[in-house]
Every structure is written in structure tokens, then in C-alpha cells.
Amino acid sequence: MNRDPEETVSEPAWWTGAVVYQIYPRSFADSNGDGIGDLRGIISKLDHLEELGVDVVWLSPIYSSPQHDNGYDISDYQQIDPTFGTLEQFDELLEGVHQRGMKLVMDLVVNHTSSEHPWFRESSSSTDNPKRDWYWWRDAREGFEAGEKGAEPTNWGSAFSGPSWSLDPTTGQYYLHLFAPEQPDLNWENAQVRQAVYAMMNWWLDRGVDGFRMDVINFISKDPALPDGPVQPGKLWGDGSQYYISGPRIHEYLQEMHREVFDGREAELITVGEMPGVTIDEAKLFTDPTRREVDMVFQFEHVGLDYGPGGKWDYKGLDLRDLKTSWNRWQKGLAQTGWNSLYLNNHDQPRLVSRFGNDGAFRYESATLWAALLHLHRGTPYIYQGEEIGMTNAPFETVEDFRDIESINHFYEATGPLRHEPEEVLRNLRIMSRDNARTPVQWTPGVHAGFTTGTPWIGVNPNHASINAESDRASSRSVFRFYQQLIELRHKNETVRLGNFAMLAEDHPTLYAFTRTLSGSKLLVVGNVSGSDLALPDDPSLKDSSLSGSLVLGNYDGGLTPELRPWEVRVLQMT
Ligand code: GLC
Ligand code: CA
């Protein structure tokens, strides 16, 4: 396709005005009563998405998989797992999405495959197999016998506890897996691996999909020397991340992928790279459109601000000022070059209303406040299933209530070799576990929340009696309705889409305030991130404006009060 390069630069990409909705198929809607969500379930709920008004649907993995990590361990990239359906049903879903004017994005998990993928089966069959080099194989550490304690080739820990190396008994060598042993890392140094991935991606695009969300894509280039990493206090294994986060060839690989897969059709597509540990400077490089890598990245800074010194499982709570500082830096950092993606929830994060809001008396207010703050930054907002009806964390009691490999492995490592108190470990799991996001979507107040007629694979939150899509949509205080309005606002308001961002009152501990401006138009967003009334600071740009502007959207009825009420958010048009 021949496009005028000047035109591409001046016309903002379509996704600057888009909102993406993420579906975690296993937990979305079950059509056949086996207790697991599936493609027909998704098809049956497309009207819900169309009515919400989203532009893009992203599907977490539906490919063939032994499901050790709920599909993020893929054994065939070009088949649908029978748990979810068939390729024919996939085509039907794609058509249904397109008919409603939406786009469909697939999850692309190519840092690793499943250990049951034929590529790994071949690779592990002998040291001289032609695919041996498709994965990272190493001998035991010098001076150690394979299998001996400490014999792993490097000291790196895996993201799911334990070492990131496993011994393969057939060939006597170790293979690298940054995640579970069932998720061996592909060796992107090998050009055949890269070509095989690009061919698969082209196959999906040719089938009609509209882009990819790329799983841990900034991990694909490793320092081939694989040096040992530092061991933090209280940890069993080293941290190798400096040797694989945004590694030496990452930009080269993404540019090659762009040439081989996206060139010529990128204007219609959307690509987002999931990038734990990515810095602003790196993100700028990844998303600078002239470099032709990805459209936007998921950065992780803001979802780590409530971690204590021990990391994710050492929850300390959020100081709002840290979030303001962080988001302000990202807004400024990508203001001229690149683009932000905006999220608080996904399948790896606990529910925002429980984590950052109040999931009791002020559930409606705090859910809508966070929605407005998030969606009105500059960037592309992502909604995770259930967020649009204010779903909360789940009341997990014992370790048996969890299903997630990360949570369960952590429990046994922490209570076993690390000798932590089980109740203390559970306390952190209850607030931070990924399973909080993975309980079934609550559609109705009825049996199993209308998710399934069978036995759900993970417990349905008992609060579905009051929190569910049906009741929410019928309520005068509907979280769904608020999300609809935010999406409409982005669609019709150029200032929301492209306006400059400026943070106000950056040091205030509970006020979140900012403006968006674009050629004479100015929006002011003020939010009270607390459960008490908030007197606005004496600054005229805030105090007077918060009363005098015309209210575009808010989460309280009645007129504008001088003080902000608990979890109140106001979106005001100033000029
Ligand atoms: C990403 C996914 C997560 C998965 C991991 C390994 O972080 O979002 O769910 O467990 O990669 O694929
Ligand atoms: Ca099913």
C-alpha cells in the first residue's frame, strides 16, 4: 500500500480515540455448562460490549494449551483449545465483532511456548536435533553434577517461584523458563524461530484479526552470556531481569517483526507490548512511530507503587502522591513522542475498587472516580471484564480457593523453605492475587451469577447477588452507564483524545486534579481520592474552577458543592 508518509505523521492514529476491552475467556461466559468460559459464551455477550461502546476487544489466549498458566502456555498457535471452541467458532466471533464495528486483538505469547509444543518436544529429544537451538539449553554449572543442588546454569529465579531452569532428563541439560517449567523460553537469537513466529502472526492477520497484545515482549532478547543476578534479602533465587528486560537485540527484533508482519497494513491495526520493568526512555523508543516497533506499551510502574520492600507479596498500600508523580512523569515523557496505554486492571491485577478504592459503602463512587481519572489521561484506555460493573476482589479463605499457578507456588515457597506464617501469606494473597481478577463475570443475581449452569472452575464471588451486570445496568447509580459516558466522551471530544496534560496540586495527599487543553478548549478533572469530604486548596485554578466550570460528567447528583464529597469526581469544561 502506498501512503503519503507526511499524511501518516500528521493524522493521529485511530487508536488515539479508541477504548479497548479485555476478555479473559475462561471467566467471561460459559455456553455449554462445563464451568469454563468459551467462544460461544463470548459471542452471546457481544451486545453487552457494543452497548458499552468499546472499539477493540482483546482476547487473552484461546489457543491449544495444557492450561498450566490458563493459556499463556501455548502448544499450538494455530488451533483453538477445545475448552474454548473451534476455529469455525472463532471466525464467527470475529465476524460478530466486525459486524458491530469493533476490532479484535489476539494475545501473542512468544517469549515462551508450552513444553508440549511440538517445537519443544523436538528440541528436547536430543542435543543434535535441528530445533535444539530454538530454546535456551545449558550444561550444569561448572563444578556441579546435573541435578545437584546449585547446579542450575544461572541463579535466576522464575516469576512463578523456584529456579528458572529445569533439568531435562533425556539429554542431561537444563532449559530456561522465566515462568513455569511448562513454559520454556524461545531462543530469539535463532532466525528460524523468529521467522516461524512471523509466519504465524501473518496467518492470523490474514484471517482477519486486527492486531496483537504481545505478552512480556520486552523479555525476548536475553544477554546470551546469561550472567548470575543479585539475590535480594529474603529471596531464594537471583534476579536476572537486568539481563533480559529490554535486552541487547529487542529493538532489532521488533523492527524486524514490523517489517515482516505489519508493514503496509499497520494503519488499520493496533499493537501493544506488555513490558514489565520498561522505563520511560525505553517506552519512547518502543512507541516512536517513526521507529516502527509497536503502537504502545503496558508499563508497570504504577501497579508496583503499593508493593512493600519485599515486592508484590509484601503489600503496603498506595500513597496517592506516588501515583501522581509516576503518571505525571509518563504523561510528560510520552507527550511529544510515543503514546501511553492506560490501565488499572487486567487479568494479572487485583480489582481496582478493592485495591485503590472502597468496595463497601463507596463502591459506586470509587469505581467511577478511578474510571474517570484513568480514562481522562492522554493515552488509550483499557477496560478489563467486570471493571465496567465495579466487580471487587474475592473472599478467598484458604489456599485451596486459589487456582493461579503464581499464587499457589508462592504460598508453598513462602510457607515452606521461607518459613513465613501461612496466615500472613494468605493476607497478602487475598489482596494481591491474580485470581481476584479471574473469578467469573457476574452477569445476573442468579445461580453462579449467570456465568455457567455447571460448576465454575473457580468460585463465583458471593456478592453477585448485589453486584452483577443486570442489576448495575438497571440502577440509577450504574457503573456501566458511567463507563459508557467516558467512552462517548473520548469518541466525541478532541481534548480528551489529544489534549495536553497538566497535573495540579501534585503534593496533595488525596486530591487528584489535572487539566487537558487543546486549542482553546480546557477540561478540568478533580477527584477526591478519600472517604471524607475534601475542601479544595485555595488556588483559584482549582477552587473557583471546580465550582464555576460546566459539569460534563460526575458521580454525584445535584449541584456543585464547595467541597468534594467522598470519592467524588468532576469533569468540568472550562473554556
Ligand atoms: C504475562 C501475562 C501473564 C502470564 C505471563 C506469562 O505477564 O499477562 O498472565 O502469566 O505473562 O506468560
Ligand atoms: Ca464452556
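Select W165 as the starting point of the tour, and then look across to strand 8, where the bridge partner of W165 is L176. The model is a predicted one, in which local features need pLDDT of at least 70 and side-chain atom pairs count only at pLDDT 80 or more, while totals for chains, interfaces and linings use all residues. Residues are numbered from 1 along each chain as its sequence is written, chains are lettered from A and ligands numbered from 1 in the order in which they are written, and side-chain values use heavy atoms, with hydrogens and water left out.

**The sheet around W165**

Now select residues 174-176, which make up strand 8, and find the three bridges that join this strand to strand 7, the two running antiparallel. Helices (H or I, at least four residues) and strands (E, at least two) are DSSP runs numbered from the N terminus, and two strands pair if DSSP finds at least two bridges between them. Widening the view shows an open sheet of three strands in the order 6-8-7, with antiparallel pairing. Its edge strands are strand 6 (137-138) and strand 7 (165-167), each of which pairs on one side only.

**A parallel pair**

Select residues 270-274 next, which form strand 10, a mostly covered strand in which five of the five residues are buried. Buried means under 20% relative accessible area, exposed means over 50%, and partly exposed lies in between (1.4 Å probe, protein chains only). In a regular strand the side chains alternate between the two faces of the sheet. In strand 10, I270, V272 and E274 point one way, whereas T271 and G273 point the other way. Strand 9 (residues 211-214) runs parallel to strand 10 and is joined to it by four bridges, and in this pair R213 has V272 as its bridge partner.

**Ligand 1**

From E274, move on to ligand 1, which has 14 residues around it, the nearest being D69, D215, E274, H347 and D348; a residue is near a molecule if one of its heavy atoms lies within 4 Å of it. This shell divides into four nonpolar, three polar and seven charged residues, where Ala, Val, Leu, Ile, Met, Phe, Trp, Tyr, Cys and Pro count as nonpolar, Asp, Glu, Lys and Arg as charged, and the others, Gly among them, as polar. Show the side chain of D69, which has a polar atom 2.5 Å from an oxygen atom of ligand 1, and then that of R434, which has an N or O atom 2.9 Å from an oxygen atom of the ligand. Taken alone, ligand 1 exposes 310 Å², of which the protein buries 96% (accessible areas come from the Shrake-Rupley method with a 1.4 Å probe).

**The calcium ion**

Select ligand 2, a calcium ion whose protein donors are D30 (OD), N32 (OD1), D34 (OD), I36 (O) and D38 (OD), at 2.2 to 2.3 Å. Donors are N, O and S atoms within 2.8 Å of the metal (3.2 Å for Na, K and Ca), and sites may look incomplete because water is not among the atoms. Of these donors, N32 is exposed at 53% relative accessible area, while D34 is partly exposed at 38%.

**Helix 9 and beyond**

Finally, select S326 in helix 9 (residues 320-333), a residue that is buried with a relative accessible area of 3%. Past this helix, in the loop between helix 9 and strand 14 (341-342), lies W339, which counts as buried at 5% relative accessibility.

Notes
Polar contact = N/O pair within 3.5 Å; in protein donor to acceptor, adjacent residues only side chain to side chain.
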